[in-house]
Amino acid sequence: SKLHGKVVLIDFWATWCGPCVEELPTVLKIYKEQHAKGFEVIGVSLDADKAELEAFLKAKGVEWPQYFDGKGPENELFLKYKLESIPTMWLLNKKSHVVSMNAFEGMKEQVTKLLAE
């Protein structure tokens, strides 16, 4: 609820997922450009080793919060929403409604448009 009024990217990912790691520089760039304007990112990590995850995040300069339950691919949120693969990125508008379940397609344009609304 404290993110209501912001544009939020929810990123289901893992450090062992090649495509997830490939997308990270794009997400980092948009985050750095748009965070001050109200763009937030929440990671949902499907990693099993917290120390490994934290070391990766520090090395890459990732500042946004991560939901980590240590269950790896059996992550509670991943299963709850019946997701089938990662990376999966959801984009929420300022009213906290999911507006894209495939947010890495044209993410910068989508975020810019949502922030302007």
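This report describes helix α4 and the salt bridges of a predicted model.

## The two sides of helix α4

Helix α4 spans residues 107–116, and four of its residues, Met-107, Val-111, Leu-114 and Leu-115, are buried. Viewed along the axis of α4, these buried residues fall within an arc of 100°, so they line one face of the helix. A general property of helices helps in reading this pattern: an α-helix has 3.6 residues a turn, so residues three or four places apart point the same way.

The other side of α4 carries Glu-109, Lys-113 and Ala-116, which are exposed.

## What the buried face meets

The buried residues of α4 pack against elements drawn from several parts of the chain. These partners include the helix α1 (18–34) and the strands β1 (7–13) and β2 (39–45). The strands β4 (88–92) and β5 (98–100) are also packed against by the buried residues of α4.

## A network between α1 and α4

The model contains 4 salt bridges. Among them, two involve Glu-33: one with Lys-29 and one with Lys-108. In the pair of Glu-33 and Lys-29, the closest N and O atoms are 2.9 Å apart. Both residues of this pair belong to helix α1, where they stand 4 residues apart, about one turn of the helix.

For Glu-33 and Lys-108, the closest N and O atoms are 3.5 Å apart. Glu-33 lies in helix α1 and Lys-108 in helix α4, so this pair ties together parts that are 75 residues apart in sequence. Lys-29, Glu-33 and Lys-108 are thus linked in a network of salt bridges.

How accessible are the members of this network? Glu-33 counts as partly exposed, because its relative accessibility is 32% and the partly exposed class runs between 20% and 50%. Lys-29 also counts as partly exposed, at 48% relative accessibility. Lys-108 counts as partly exposed as well, at 37% relative accessibility.

## A bridge between β2 and the segment before β1

Another salt bridge joins the side chains of Glu-40 and Lys-6, with a distance of 3.8 Å from N to O. Glu-40 lies in strand β2, and Lys-6 lies in the segment before β1, so the pair ties together parts that are 34 residues apart in sequence.

Is each partner buried or partly exposed? Glu-40 counts as buried, because its relative accessibility is 15% and buried means under 20%. Lys-6 has a relative accessibility of 29% and counts as partly exposed.

How values were computed
Residues are numbered from 1 along each chain as its sequence is written. This is a predicted model: local features need pLDDT of at least 70, side-chain atom pairs count only at pLDDT 80 or more; totals for chains, interfaces and linings use all residues. Side-chain values use heavy atoms; hydrogens and water are left out. Buried means under 20% relative accessible area, exposed over 50%, partly exposed in between (1.4 Å probe, protein chains only). Helices (H or I, at least four residues) and strands (E, at least two) are DSSP runs, numbered from the N terminus. The arc is that of the directions from the helix axis to the C-beta atoms. Contact means heavy atoms within 4.5 Å.
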